[in-house]
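Here is a short tour for anyone who likes to read a model from its contacts and strands. Keep the viewer open as you go along.

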Amino acid sequence: MQTSRRRVAAVENNNRKHKPDYVLLLLCILLLSIGLIVVYAISPGLSKQRNVSENYFVGKQLTAIALGIIAFTITSQIPTQLWRKMEKPLLYIAGAASVAVRLFGERVNGAYRWIQVGGLSFQAAELIKFALLIWLAGFLSNRIREGQIANFEKTLKPLLIALAIIGVVVAKVQSDLGSTGVMVAIMASMVYVAGLPLKRIAMIGGIIAIGTTLLISSTSYRRDRFATFMNPSRDCQTTGYQACQALIAVGSGGVVGLGLGKGVQAYGYLPEAANDSIFAIFAEKFGFIGVTILLGLFLAFFTRLKNIIERAPDSYSRFLVVGVLAWMSTQTLINIGAMIGLLPLKGITLPFISYGGTSLVFITAAIGVVFQISRYTSYSISNIQDAEEKHRENITDGRRFRGAYRPGSRSSS
Amino acid sequence: MTPNNSGDTSKSNPILRIQIWYALLIFVVIIFGTRLFYLQIIQHEYYSKAARAGQLKQYEIPSERGVIEAYDGSSIVPLVLNEKRYTLFADPKYIKDPRKVADEVARIIGGDANTYEAKMKLDTRYSILAKKIEKKQKEALDKLDSKGIGTREEPTRIYPQGDLAAQLLGFVDNEGVGKYGLEQALNKQLQGQPGQLRAITDAQGVPLVANKDNIVQSPKSGDRIRLTIDLAMQRQVEDILKSGLDAAKSKSGSVIVMDPKTGAVKAMANYPTYNPSEFYKVEDGNTFNNASVSSPLEVGSIMKPLTAAAALDQGVVGTNTTYFDPSRYKIGDATVTNIEEDGGAGTRSVADILELSLNTGATWLLMQMGGGEVNQKARVAWHEYMVNHFQFGKQTGIEQGYESEGTIPDPIKGFGLNIQYANTAFGQGMTATPIQMASALSAVINGGTYYRPHLVDRATSSDSKESIKKPEVVSRSVVSSKVSGEMITLMEGVVKKNYALYGLDKPDGSYSIGGKTGTAEITKQGGGYYEDKFNGTFMGFVGGDSPEYVIIVRVNEPGIKGYAGAKAAAPIFSSITRMLISSFNVTPRN
């Protein structure tokens, strides 16, 4: 009974509806399981360091996964176009969360990142990432529809303002360069795919480079981190400690690793063993073979996202997935890059694997959004340009364009 | 869309752009993979070593030091025990609020909060705040929820008997090494076997169990040592020594009480003494020395009984032999004379030599060993007795640190040997320690067996194996048993004649008490002797049918007038003799 309605909706939008991407889901489950196993394996060491019971970390991680499944279940049922309506509420909530973190949050190293909500710690930056990608998808697809993608006033200026806000809120107040990097990567990737002229992107890149340099040189611990990054063995006992211990963990893993229960670095040597440094712990336990498999899983996951982008039913959906892909991939690479000494330490989690509730919940929520999109394929993948033309024609009849999704959304909610 | 729409189609094609973007992603992942290959496979050895360097800890687990106990009458009481004390240290890196933590520490262990605060601000990872804090304080500190301070267990020796037998015991220094006395001599045995730990540990140094690289060897506690010392006797001997020294206006002195039938030391007292639990407060390092074994002296006339014993044992004189004593002998350029009260020249016996303490008599005894004169034959014969019978000039092997050998002049090499040897016949020009004298006298009066002097009665190892120390015979032929008996009688004679001078009651024959005084000249640094400084010595025994205790008394430079041996040392001997008879069941003669 729903099939006929769906077909109507699909036909009207030049889309075909089909089974969602279960392979994507399977990859996410695999990655989550790996994370849970590693957290479980290092629980004895972690709990001893923090003086909590051995089940503490696994319990919290299971709670986070449960919350993640709930988040996924909800977002995977929300019709894609409905997110357009959530842009503003999400931005307001993200803004409110940022203010709350500044006012009531815990101050660590001069940064405000966390807020305690009913026994759970909440990281505002994760919400900001999610809100940012929802807003950008809508913003960019609208600009494309309007043909204003290269317009300075209409496109570039708002983007620069958004960048400035991120710079102040995330980089400065929350002092979270890692998350800033991920947000910038999300913006850059989406804007690039949206077709913003490369010159403009280069210009924005220049601004970011200058801003980053200023930020690094203005904070002493960042200067230290950067100096450490340039020469990690410079001071393994103090500023370079985590970087050195991470390299030791990775390097001592060898080809096959020390084994699941055998690693030692999680016993107080490598800081943040369950969070930021979990990749190094994984590498120590499972060696090059394990790491290759893990990178393969991530790459397969990214490839699935890329495929969904390529056959996305419309530019809004496409931008959403581009944002998710940019988010997941840059966060993965920034995290791993720091662990293998190719990037400075940033303090961000490895998607799916790291222990940490907020990150996990928003990541699974984003996957839910993608999962919903993966149910649709554009009929005219081969000539996406034509589809874009059609979208542009639709602008003249925006009511019809939007209305077209309503039956679909009713049927799936 | 854009003005350059048609010309720039490929560049702005979103699918193409995402493919370029994806290609870039793959490229980065490949770089990461290459880097991982480099780190995990090419550099694996290097990082494995680095990991081991950080994770593998190797250290000793200290073993518990053996306790020392002794007899107190028939019961056994502890002399030295161990107690856990703690060193409190800070890791300033982890102390957020030094003021607050310092106040808390001062509240619990006392002391100055400002000092602690200053130590908590030092640029170090290990700053010692206090030492030897007690267990209660440690537990209170553990309850503080302060990051950055910790305690380390430091085993500490405690002394339930205070400073009793301090020099005999010695002490254990801050590194856990025994110093002086028994602690030094038996350091290895007391120390036990430290355990070894070679283990992969967590960052705090706690070994991770179930790791094949771990080697754990439990420590073996040191032996429990029981002394031959009787503490009841030791206490009284120390008291008698102290009051005797006060009476003689002497600053220092020693007493040994030995069982002549075994060589076991029953009491060994020195003055001044110190408190071993506060050894670090002692300013003069000499105070640590057990003078009874470490500080040799020219023994003076207490040598004469041994000279007599040697001559009797060689058969060159008999107890009935008499001779004409000219009251002076010229030997080379030097002259041997006697003290003023010698009664001048006359016919003397061996008994007279001892009773009157004749230097010329001792010289005459030496002459008999050489066939009538002091010559090489006499010197060699007397040297043989001093070194190989009485065991002078070498360590006795008693369980004490820094034992001295004393010096006996060579009988053949050197100048002026004849006068030098004449001097040794009455205890000058040679040195011996009180323990050497006690052991030699014991051999002379016990029938002729030299037992190694010892302080350890038995040792019990950590696995409860008890080894009782048997008296060790060094020589069975010091003198013949006939001479031994003769010597007892001769020395009893000395006491019979001089008891009043020594402060003893007139011997009633129920106990055997013998002895000999010595007033020894003290060598100046750079040669010669002081004219007004002497050491007073006394060597004697008390018993019934046979001697039960040998007693050696030494009083350094007494400040009172008169012969040091008789005036300063003899009263101490007398007091000890009385004390032994009244408190320690000396069996009377049948």
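## Where the chains meet

Two residues are in contact if their C-beta atoms, placed from the backbone, lie within 7 Å. On that basis, 43 residues of chain A and 36 residues of chain B take part in the contact between the two chains. Please bear in mind that this is a predicted model.

Which elements give two or more residues to the side of chain B that touches chain A? They are helix 1 (9-12), helix 2 (14-42) and helix 3 (44-55) of chain B. Helix 2 of chain B supplies the largest share of that side, with 17 residues. Sorted by class, the side of chain B that touches chain A holds 21 nonpolar, 12 polar and 3 charged residues.

## A closer look at Y47(B)

Helix 3 of chain B is where you will find Y47(B). Is Y47(B) buried or exposed? A residue is buried if 20 or more other C-beta atoms lie within 10 Å of its own. Y47(B) counts as buried because it has 21 C-beta neighbours inside 10 Å.

Leaving out residues up to four places away in sequence, Y47(B) touches L247(A), I248(A), G251(A) and S252(A), as well as L39(B).

## Chain B as a whole

Chain B contains 19 helices and 23 strands. It has 590 residues, of which 47% count as buried. Take the contacts in chain B between residues at least 6 apart in sequence: 70% of them join residues at least 24 apart.

## An open sheet of three strands

One sheet to pick out in chain B is open and has 3 strands in the order 1-8-9, with antiparallel pairing. Strand 1 (56-61) and strand 9 (215-217) of chain B stand at the edges with a single partner strand each, so one side of each has no neighbour in the sheet. On average, and with direction ignored, neighbouring strands of this sheet are turned by 20° against each other.

Strand 8 (residues 195-200) of chain B is joined to strand 9 of chain B by 3 bridges, and the two run antiparallel. If you want a spot to zoom in on, L197(B) stands opposite V216(B) in strand 9 of chain B.

## Hairpins further along chain B

How many bridges pair strand 21 (residues 512-523) of chain B with strand 22 (residues 529-543) of chain B? There are 11 bridges, in the antiparallel sense. S512(B) has G543(B), in strand 22 of chain B, as its bridge partner. These two strands form a hairpin with 5 residues between them, where G526(B) takes a positive phi near 95°.

Strand 22 of chain B also runs antiparallel to strand 23 (residues 547-556) of chain B, joined to it by 9 bridges. Here F541(B) stands opposite V550(B) in strand 23 of chain B. This pair, strand 22 and strand 23 of chain B, makes a hairpin with 3 residues in between.

## Nonpolar cores

The largest nonpolar core has 130 residues, and M190(A), V321(A), V324(A) and V370(A) touch the most other members. Helix 11 (residues 278-310) of chain A gives the largest share of this core, 16 residues. Setting aside its neighbours within four places in sequence, V370(A) is in contact with L24(A), L305(A), I308(A), V321(A) and V324(A).

Another core, of 125 residues, lies apart from this one. Among its members are L227(B), L297(B), A311(B) and Y385(B).

Methods
Residues are numbered from 1 along each chain as its sequence is written. Chains are lettered from A and ligands numbered from 1 in the order in which they are written. This is a predicted model: local features need pLDDT of at least 70, side-chain atom pairs count only at pLDDT 80 or more; totals for chains, interfaces and linings use all residues. Two strands pair if DSSP finds at least two bridges between them. Helices (H or I, at least four residues) and strands (E, at least two) are DSSP runs, numbered from the N terminus. Axes are lines fitted to C-alpha atoms, for helices over the stretch in contact, and angles run from 0 to 180 degrees between N-to-C directions. Ala, Val, Leu, Ile, Met, Phe, Trp, Tyr, Cys and Pro count as nonpolar, Asp, Glu, Lys and Arg as charged, and the others, Gly among them, as polar. A residue is buried if 20 or more other C-beta atoms lie within 10 Å of its own, exposed if 12 or fewer, and partly exposed in between; C-beta atoms are placed from the backbone. A nonpolar core is a set of buried Ala, Val, Leu, Ile, Met, Phe, Trp, Tyr and Cys residues joined through C-beta atoms within 7 Å.
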